[in-house]
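User: Please take a close look at one part of this model for me. I would like the pairing of charged side chains first, then what surrounds it.

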Amino acid sequence: MRIFHTRKQLLVFFMPGFLLGIIYVNFIAKKYMAEPGIFSDYFLEQFRSASVEAREYIWYLLKIRAVPFLTLIGLSFTKARKVSSVLFLLWTGIAFGILISAAVLNMGIKGSLLCVAGLFPQFLFYIPAYLVLLWHCYMVPQNSWNRQKTIFTSLMMTVGIMMELYVNPILVKAFLSVM
C-alpha cells in the first residue's frame, strides 16, 4: 500500500474517471455522439473563420479556469479537502475521457490530435498548479502550504490563462488549416 503515500496516488483516482468517461461515450451516450457537435465540420469551419475577442474571452476563461481552482483552494482549508481532491480527480478524469472519446468517435485520430492542440500550451501550466494544490489537499497533515506554493500556483495559473487567451487560438486555427 505504499502507492497511497506517493504522487502516483493521484493517478489512482484520475484513471478510473477517465475509464468511466470512455465507457459513457461508447456505451451510454453513443447515440448523442453521432449528432453534430463541436467536432463537426461546420463548427470547426466556423471556429477557423472566427476572430477571438480577448476582452470577452478573458472573462470566460476566468470563469472556467479560476473558479474551480479557487473553489479547490477554499476546500483545501476545510476538513473536506481530501474528499474534494479525490472528487476533483475523478471529475477531471471523466471529463477528459468524454472529450477524447467524443473526438475520436467523430473525427478519428485527427480528433485526438485536435484535443492535444486544444490543450496546448496552457495545460503545461495548469497541470503543475493543480498537482501542487491537489497534493497539498491529499497530504495535509504531512504537507503544509507555504509562500512558495502560493507564488508557484498563482504564476502557473496566470501564465496558463494568458497562453490560452493569446497563443492557443492561433495554434488551434493553424492546426485546423492543415487538417
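Analyst: Start with E164 and R65. Their side chains meet in a salt bridge, with N and O 2.8 Å apart. This is a predicted model, so the distance is computed from predicted coordinates. E164 sits in helix α8 and R65 in helix α4, so the pair ties together parts that are 99 residues apart in sequence. Are the two partners buried or exposed? Both E164 and R65 are buried.

The structure holds 2 salt bridges. The other one joins R48 to E45, and the closest N and O atoms there are 3.5 Å apart. Here both partners belong to helix α3, residues 41-49. They are 3 residues apart, about one turn of the helix. R48 is partly exposed, at 33% relative accessible area. E45 is partly exposed too, at 39%. So E164 and R65 are buried, whereas R48 falls between the 20% and 50% limits, and E45 does as well.

Now the setting. The protein chain has 8 helices and 0 strands. Its pattern along the sequence is α-α-α-α-α-α-α-α. The C-alpha atoms fill a box of roughly 50 × 40 × 20 Å along the principal axes. The chain has 179 residues, and 36% of them count as buried. Among contacts with a separation of 6 or more, 83% come from residues 24 or more positions apart.

Next, helix α8, the home of E164. The helix covers residues 147-178, and T153 lies in it. T153 is buried, with a relative accessible area of 2%. Which residues does T153 touch, beyond its neighbours within four places in sequence? They are F69, A129, V132 and W145.

F69 leads into the interior. It is one of the residues with the most contacts inside the largest nonpolar core, along with L72, L89, Y130, L134 and M157. That core has 24 residues. Helices α1 (9-28), α4 (54-75), α5 (81-107), α7 (123-138) and α8 each supply at least two of them. Which helix gives the most? Helix α7 does, with 8 residues. In soluble globular proteins, nonpolar side chains tend to be buried together.

L72 shows the packing in this core. Leaving out neighbours within four places in sequence, L72 is in contact with S84, S85, F88, Y130, L133, L134 and C137. Two of these contacts, Y130 and L134, are listed with L72 among the core residues with the most contacts. Apart from this core lies another, of 15 residues, including V25, F39, I100 and L176.

C137, a contact of L72, raises the matter of cysteines. C137 counts as buried at 1% relative accessibility. C115 is buried too, with a relative accessible area of 5%. How many disulfides does the structure hold? It holds 0. A disulfide is a covalent bond between the sulfur atoms of two cysteines.

Helix α5 deserves a stop as well. G97 is placed in it. G97 counts as buried, at 0% relative accessibility. Beyond neighbours within four places in sequence, G97 is in contact with F18, G21 and I22. By contrast, L155 is far off in space. The C-alpha atoms of G97 and L155 are separated by 28 Å, and the two residues are 58 apart along the chain.

Finally, the outside. Back on α8, L171 has its place in the helix. L171 is partly exposed, with a relative accessible area of 33%. It belongs to a nonpolar surface patch of about 530 Å², together with F120, L124, M162, Y166 and V167. Helix α8 gives the largest share of this patch, 4 residues. For the protein chain, the accessible surface comes to about 11100 Å². Of that, 71% belongs to carbon and sulfur atoms.

Put together, helix α8 appears in several roles. It holds E164, the partner of R65 in α4. It supplies at least two residues to the largest nonpolar core. It also makes the largest contribution to the nonpolar patch.

Terms used. Residues numbered from 1 in each chain as written. Predicted model: local features only at pLDDT ≥ 70, side-chain atom pairs only at ≥ 80, totals over all residues. Heavy atoms only, no water. Disulfide = S-S within 2.5 Å. Buried < 20%, exposed > 50% of the residue type's maximum accessible area, 1.4 Å probe, protein only. Contact = heavy atoms within 4.5 Å. Core = buried A, V, L, I, M, F, W, Y, C linked by side-chain atoms within 4.5 Å. Patch = residues over 30% accessible without salt bridge, like charges linked within 9 Å, V, L, I, M, F, W, Y side chains within 5 Å. Areas by Shrake-Rupley, 256 points an atom, 1.4 Å probe, with all protein chains shown as cover. Salt bridge = Lys/Arg side-chain N within 4 Å of Asp/Glu carboxyl O.
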